[in-house]
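Work through the exercises below with the structure at hand. Try each task before reading its solution.

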Amino acid sequence: MKYGNLKMWIGGEWVDAVSGQTFTTKNVTTGEDLGSVPLADTADADRAVAAAKAAFPVWSRKTVAERSRILSKIADEIRRRGEEFMELDALEHGMPKHLADAPDVIAASGNFEAAAAFCRHLTGTVIPSKRGTMYCLTKVPVGVCALITPWNLPFFLMAQKVALSLAAGCTSVLKAPSINAVTSVKFAELLDSIEELPKGAVNVITGPGSTIGTYLASHKDIDCVGFTGSTETGVDIMKAAAPTLKKLTMELGGKNPAIVFPDANLDLAVKTLSHHQFNNCGQACGSPGRIYVHEDCYDRFLEKYAAACKVFADGLGDPMLPTTRMGPLVSGSHYRKVTSYIEYGIEDGATLFIDGRTDKPNFVGPTVFTDVTPGMRIYRDEIFGPVSVIVKWKDEDEVMDLATDNVYGLTASIWSTNIAHALKLGERFQVGTFSINCHNNVSPEAPWGGVRQSGIGQKEGGYEGILGYMDDKLITISLDE
Ligand code: NAD
């Protein structure tokens with residue numbers, strides 16, 4: 001096993017599970033064991049929450065300048081050890097090593113850099129009053145957070161939540177998916193190397209979401225849950241958190257529309273939309289799950305899209321190789337889900353324009369369906385794989401009705417050189433991010449997230465992302481002598 005027997009990080013100590021049980025994570029391409037990690041249960045979650053609670057007075061009382069300096073150190077350390085995390089992404093997740101550089105590992109460092117900068121600018125407001133009282137609205141850390149992350153962009157999303165919550169002055173227990181357990185422990189090792197970070201400010205436990213995730217969400221000493229994952233799990237977490245009324249930040253699923261107009265720069269549209277659909281094997285919340293193309297440019301778009309697909313298909317292979325553009329899907333169960341959706345598309349009567357299925361387990365190349373109608377399962381559901389759904393349109397009102405008719409509200413894009421008109425149409429989307437001539441441009445400086453069934457609470461990222469881990473506290477001062 002490349003990574004050997006690993007431990008969890010609780011209160012600054014390296015520990016086994018109370019039960020002594022362990023599980024192994026796998027190399028998704030070869031099926032070999034990568035590392036053994038503790039199988040945490042509720043007793044371990046209790047220890048981690050207690051450690052985070054004990055560290056809260058220490059961490060929350062640090063000045064923003066002190067916090068900022070520590071966050072910057074973590075950012076630098078991620079860059080220094082970047083290669084190691086890119087390799088882990090390739091082995092544990094299947095993301096091509098050279099791609100893991102920018103979207104996952106370097107962006108993880110960017111999260112700490114941005115949080116380090118923004119936390120020095122946290123401010124409150126003074127509210128004028130005529131009643132002889134001064135009102136000061138201050139921002140205070142929520143307290144102890146459970147940070148629960150998904151397996152796509154594993155390091156970026158762990159880093160984002162830890163960076164934002166630390167910047168706010170919170171302490172936390174991080175639980176990543178079992179698939180990425182080694183990555184989470186290696187992240188803990190990196191944090192452990194930062195001497196100035198108090199013991200217990202961050203704790204990392206490894207184990208299944210259905211037990212320790214739910215338990216953390218319901219724990220009486222957890223004040224806030226920062227969750228990114230599927231809408232279904234988001235609902236379970238809300239239910240678990242309801243009896244103790246926790247603050248929630250939830251970034252959930254999406255089925256994001258992109259509408260291409262005849263006056264669009266088609267090369268740009270094809271390059272960007274195919275990139276966001278296939279880059280991480282379609283395992284991205286913001287991928288363009290429904291692409292609507294005007295009939296006047298439909299044939300040209302399809303021809304160019306097919307050429308873009310071929311480039312990705314030619315680069316399907318071992319994620320450790322520098323020539324690889326697409327690796328395997330993250331797991332056998334996810335592979336079965338994605339290939340089932342390809343079967344559903346065929347059963348429901350769509351045209352399989354490009355079939356990306358291969359005989360190699362877990363590998364699916366770019367797959368494109370045309371002649372898709374709204375009743376079909378591939379049109380409605382989040383597939384989270386390299387499967388494009390392309391719909392031909394003629395009437396603008398009709399396509400807007402179609403594009404906005406979905407339970408999700410993560411992101412949407414319009415492709416047109418008439419920016420004013422695109423902006424006007426954008427008013428009709430209930431989404432967290434609306435884009436013109438680009439799609440899903442995530443940046444550590446900008447808050448990102450969804451509305452409707454794609455998310456609730458504060459967006460993640462940027463200055464606003466820190467506020468997701470803070471509460472308002474009003475201080476009133478009598479001015480009477
Ligand atoms: P998931 O919901 O299955 O799991 C996410 C995390 O929740 C994991 O750590 C898991 O162990 C844990 N978990 C599972 N069941 C739990 C429960 N009952 N209680 C508490 N925790 C539990 O999601 P996934 O399959 O890992 O990730 C894919 C999903 O994440 C997609 O729907 C995608 O759209 C979404 N996502 C959203 C964003 C965003 O910014 N909106 C970003 C990335 C991924």
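The exercises that follow concern a predicted model and treat two helix pairs and then the domains.

**Exercise 1.** Classify the arrangement of helix H1 and helix H7 and state which residues make the contact.

*Solution.* Start with the axes: those of H1 (residues 42–60) and H7 (residues 209–218) cross at roughly 40° and come within 9 Å. Angles under 35 degrees count as roughly parallel, and 65 to 115 as roughly perpendicular. H1 is therefore oblique to H7. The crossing of H1 past H7 is right-handed. On the H1 side, Thr42, Ala45, Asp46 and Val49 make the contact, and on the H7 side Ile212, Tyr215 and Leu216. Sorted by type, the residues of this H1–H7 contact are five nonpolar, one polar and one charged.

**Exercise 2.** Do the same for helix H2 and helix H5: are they roughly parallel or roughly antiparallel?

*Solution.* The axes of H2 (residues 64–80) and H5 (residues 154–168) come within 9 Å, crossing at roughly 165°. Angles over 145 degrees count as roughly antiparallel. H2 and H5 are therefore roughly antiparallel to each other. H2 passes H5 in a right-handed crossing. H2 contributes Arg67, Leu71, Ile74 and Ile78 to the contact, while H5 contributes Phe155, Ala163, Leu166, Ala167 and Ala168. Of the residues in this H2–H5 contact, eight are nonpolar, none is polar and one is charged.

**Exercise 3.** Describe how domain 1 and domain 2 meet.

*Solution.* First take the bounds: domain 1 covers 4–252 + 454–474, and domain 2 covers 257–444. Their C-alpha centres lie 30 Å apart. Each domain gives 27 residues to the contact. Between them, domain 1 and domain 2 bury about 2,100 Å², with 63% of it on carbon and sulfur atoms.

Terms used
Residues numbered from 1 in each chain as written. Predicted model: local features only at pLDDT ≥ 70, side-chain atom pairs only at ≥ 80, totals over all residues. Heavy atoms only, no water. Axes fitted to C-alpha atoms, helices over the stretch in contact; angles between N-to-C directions. Helix = DSSP H or I, 4+ residues; strand = E, 2+ residues; numbered from the N terminus. Left-handed = near helix turned anticlockwise from the far one by under 90°. Contact = heavy atoms within 4.5 Å. Nonpolar A, V, L, I, M, F, W, Y, C, P; charged D, E, K, R; others polar. Domains from an automatic or database assignment. Buried area = accessible area lost by both parts, 1.4 Å probe.
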